[in-house]
Amino acid sequence: MKTNGYVYLRINKNYTATIRDLNSLSEYLDKVGDTDHVFGEVTAVSNVHKTFLNEMYKIVNMHKKRLNKRFIGRETSVVRNQGSRDARVVGSNSEHLLIEYEMPNGTTALNIISDMYSADDYKSITYKNAMSKFEIDFSLLINNPQKR
């Protein structure tokens with residue numbers, strides 16, 4: 001899909017692409033994919049139909065989702081309840097990662113984080129809500145004593 005207008009789309013902190021052709025954007029992301037945490041930010045739009053923008057956002061979200069999947073299974077350390085806890089990325093969606101950690105008493109919890117580098121900036125989520133909002137690798141979940 002092409003447009004006569006343009007969209008300025010941040011690819012990474014050093015590069016903003018001028019988007020006029022969505023096929024070209026898809027090919028670039030598949031081949032180069034040099035995105036970082038600012039990827040997907042739109043800085044300008046001119047003479048672009050809403051359908052073009054919606055399709056562009058679908059491509060951006062698919063790429064973000066693919067990027068976030070690479071973190072599934074990785075371990076990190078988080079500070080929760082006055083202590084350092086080992087955590088593992090167990091799921092992802094296009095915007096966030098889902099981590100699970102275990103407390104010394106054996107209970108577990110899920111947190112939503114934006115990226116691996118800001119694991120201490122989080123939001124708690126229940127297991128029930130996480131099931132509908134994330135693609136989860138169930139084999140990575142700790143045997144959850146809260147469900148017994």
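Q: Two strands pair if DSSP finds at least two bridges between them. In this predicted model, over how many bridges do β1 and β3 pair?
A: One facing pair of residues gives a place to look: Tyr8 stands opposite Ala44 in β3. The pairing of β1 and β3 is antiparallel. At least two bridges are needed for strands to pair, and the number for β1 and β3 is four.

Q: Which strands stand at the edges of the sheet, each with a single partner strand?
A: The open sheet is made of three strands, which pair in the antiparallel sense and follow the order β2-β1-β3. Each edge strand has a single partner, so one side of it is left without a neighbour in the sheet. The edge strands are β2 and β3 (42–46).

Q: By how many degrees are neighbouring strands of this sheet turned against each other on average?
A: The sheet in question has the order β2-β1-β3. Its neighbouring strands are compared with direction ignored, and the average turn is 15 degrees.

Q: About what angle does the direction of α1 make with that of β2?
A: Tyr8 and Ala44 of β3 face each other in the sheet. Helix α1 packs on this sheet and touches β1 and β2. Between the directions of α1 and β2, the angle is about 140 degrees.

Q: At about what angle to β1 does α2 run?
A: Helix α2 covers residues 50–69. It lies across β1, β2 and β3. Relative to β1, α2 runs at about 30 degrees.

Q: Which element gives the largest share of the largest nonpolar core?
A: This core has 15 residues, and among those with the most contacts inside it are Val7, Leu9 and Met56. Two or more residues come from each of β1 (2–12), β2 (15–21), α1 (22–31) and α2. The largest share is five residues, and the element that gives them is α2.

Q: Which residues is Leu22 in contact with, leaving aside its neighbours within four places in sequence?
A: Leu22 is one of the residues with the most contacts inside the largest nonpolar core. With neighbours within four places in sequence left aside, its contacts are Met1, Phe52, Glu55, Met56 and Ile59.

Q: How many residues apart are Lys58 and Glu55?
A: Side chains of opposite charge can pair when their charged atoms come close. Lys58 and Glu55 form a salt bridge, with N to O at 3.3 Å. Both lie in helix α2, about one turn of the helix from each other, and their spacing in residues is three.

Q: Is Lys64 buried or exposed?
A: Lys64 forms a salt bridge with Glu95 at 3.4 Å, N to O. The pair links distant parts of the chain, since Lys64 is in helix α2 and Glu95 is in the loop between β5 (83–92) and β6 (97–102), 31 residues apart. Glu95, at 38% relative accessibility, is partly exposed. Lys64 has a relative accessible area of 18%, which is under the 20% limit, so Lys64 counts as buried.

Q: Which residue forms a salt bridge with Glu75?
A: Glu75 is exposed, at 54% relative accessibility. Its partner is partly exposed, with a relative accessible area of 28%. The closest N and O atoms of the bridge are 2.7 Å apart, and the partner is Arg88.

Q: How many residues apart are Glu75 and Arg88?
A: Glu75 and Arg88 are joined by a salt bridge. The pair links distant parts of the chain, with Glu75 in strand β4 (residues 75–80) and Arg88 in strand β5, and their spacing in residues is 13.

Q: The side chain of Asn12 reaches the backbone oxygen of which residue?
A: Asn12 is found in strand β1 and is buried, with a relative accessible area of 10%. Its side chain reaches the backbone nitrogen of Tyr15 at 2.9 Å. It also reaches a backbone oxygen at 2.8 Å, and that oxygen belongs to Asp34.

Q: Which residues does Phe71 touch, not counting residues up to four places away in sequence?
A: Phe71 lies in the loop between α2 and β4. At 6% relative accessibility, Phe71 is buried. Not counting residues up to four places away in sequence, Phe71 touches Val89, Leu97 and Met116.

Key
Residues are numbered from 1 along each chain as its sequence is written. This is a predicted model: local features need pLDDT of at least 70, side-chain atom pairs count only at pLDDT 80 or more; totals for chains, interfaces and linings use all residues. Side-chain values use heavy atoms; hydrogens and water are left out. A salt bridge is a side-chain nitrogen of Lys or Arg within 4 Å of a carboxyl oxygen of Asp or Glu. Buried means under 20% relative accessible area, exposed over 50%, partly exposed in between (1.4 Å probe, protein chains only). A nonpolar core is a set of buried Ala, Val, Leu, Ile, Met, Phe, Trp, Tyr and Cys residues joined through side-chain atoms within 4.5 Å. Contact means heavy atoms within 4.5 Å. Axes are lines fitted to C-alpha atoms, for helices over the stretch in contact, and angles run from 0 to 180 degrees between N-to-C directions. A polar contact is a pair of N or O atoms within 3.5 Å; within protein, one must be able to donate a hydrogen and the other to accept it, and residues adjacent in sequence count only if both atoms are side-chain atoms.
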